[in-house]
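Visitor: I should like a close look at the interior of this model, and then at the elements that surround it. Please proceed from the inside outwards.

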Amino acid sequence: MQIKKLILLETFETNTYLIWDKIEKVGAVIDPANKAEEILQESQRLEFKIKYIINTHGHGDHIGANGRLKNLTGAELCIHKSDNDKLINPELNFSIFFDFNVISPKADKFLEDNEIISIGSEQLKVLHTPGHSPGSICLLGNGFLISGDTLFFEGVGRTDLPGSDESKLRKSIKEKLFVLPDITKVFPGHGGVTTIGYEKSHNPFIIY
Ligand SMILES: [Zn+2]
Ligand SMILES: [Zn+2]
């Protein structure tokens with residue numbers, strides 16, 4: 001599996017990830033924050049077809065290009081059902097409070113805990129990790145994790161927002177993420193790459 005990070009929404013520095021199977025030339029876009037045309041061009045340059053648009057959760061800084069990208073590619077839009085209501089409601093996805101109204105199309109598919117998403121010959125496993133939002137998910141690939149706003153380099157997602165729950169976030173991280181092999185690479189929704197092992201010993205928000 002190939003993975004590439006793009007930062008397309010500078011104000012929030014949201015990480016948009018492209019992941020694809022080089023052999024079968026199909027892939028997914030995780031959290032298309034902005035600039036659908038640039039995402040499409042990049043996928044064409046990298047020679048893969050976008051099959052899925054996957055949102056790690058429904059906050060406005062992660063879903064901004066959902067609609068345009070779906071129109072351009074016909075990709076299937078996927079999110080956990082507990083964050084689905086945020087897609088079409090700028091108050092619930094908070095974008096209205098930051099002066100950019102994000103309204104996404106409704107999801108085509110709801111992702112469940114432990115569900116496997118096939119991308120060519122590669123697989124991503126959905127881990128439901130509520131806390132930052134009720135429908136937050138992480139995506140586990142072969143040796144790597146896309147962690148959305150659940151786990152960051154030396155940090156965790158905000159839990160002071162409506163719908164957030166700090167104790168659920170801690171439980172999700174301890175029971176779903178910190179049980180993964182230490183060498184698992186972590187690609188968060190904001191900031192730099194880390195590993196499960198590093199966060200287990202250095203993350204100041206989690207007492208392990
Ligand atoms: Zn968020
Ligand atoms: Zn975010």
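Which residues of the largest nonpolar core touch the most other members?

Guide: This is a predicted model, in which local features need pLDDT of at least 70, side-chain atom pairs count only at pLDDT 80 or more, and totals for chains, interfaces and linings use all residues. Residues are numbered from 1 along each chain as its sequence is written, while chains are lettered from A and ligands numbered from 1 in the order in which they are written.

The largest nonpolar core has 47 residues, of which Ala28, Val29, Ile30, Ile53, Cys78, Cys138 and Leu139 touch the most other members. Such a core is a set of buried Ala, Val, Leu, Ile, Met, Phe, Trp, Tyr and Cys residues joined through C-beta atoms within 7 Å. A residue is buried if 20 or more other C-beta atoms, placed from the backbone, lie within 10 Å of its own, exposed if 12 or fewer, and partly exposed in between. By this criterion, 45% of the 208 residues in the protein chain are buried.

Val29 illustrates the packing: leaving aside neighbours within four places in sequence, Val29 is in contact (C-beta atoms, placed from the backbone, within 7 Å) with Thr16, Leu18, Ile39, Ile50, Ile53 and Leu69.

Ile39 leads to helix α1 (residues 36-45), whose buried residues are Ala36, Ile39 and Ser43. Seen down the axis of α1, these fall within an arc of 60°, so they line one face of the helix; the arc is that of the directions from the helix axis to the C-beta atoms. Helices (H or I, at least four residues) and strands (E, at least two) are DSSP runs, numbered from the N terminus. Cover for the buried residues of α1 comes from elements including β1, β2, β3, β4 and α3. On the other side of α1, Glu37, Gln41, Gln44 and Arg45 are exposed. Just after α1, Glu47 takes a positive phi of about 65°.

Helix α5 can be read in a similar manner. The buried residues of α5 are Leu169, Ser172, Ile173, Lys176 and Leu177. They cover an arc of only 105° around the axis, which puts them on the same side of α5. Their packing is against β8, β9, β10, β11, β12 and α6. The face of α5 turned away from its buried side carries the exposed residues Ser167 and Glu175. Pro162, in the loop between β12 and α5, is exposed, with 8 other C-beta atoms within 10 Å.

β8, β9 and β10 also belong to an open sheet of six strands in the order β7-β8-β9-β10-β13-β14, with mixed pairing. β7 and β14 stand at the edges, each with a single partner strand, so one side of each is left without a neighbour in the sheet. Two strands pair if DSSP finds at least two bridges between them. At one edge, β7 (residues 116-119) and β8 (residues 122-128) pair in the antiparallel sense over four bridges, with Gln123 as the bridge partner of Ser118. These two strands form a hairpin with two residues between them, and Gly120 in the turn has a positive phi of about 60°. At the other edge, two bridges join β13 to the antiparallel β14, where Thr194 stands opposite Val186.

Key. Two residues are in contact if their C-beta atoms, placed from the backbone, lie within 7 Å.
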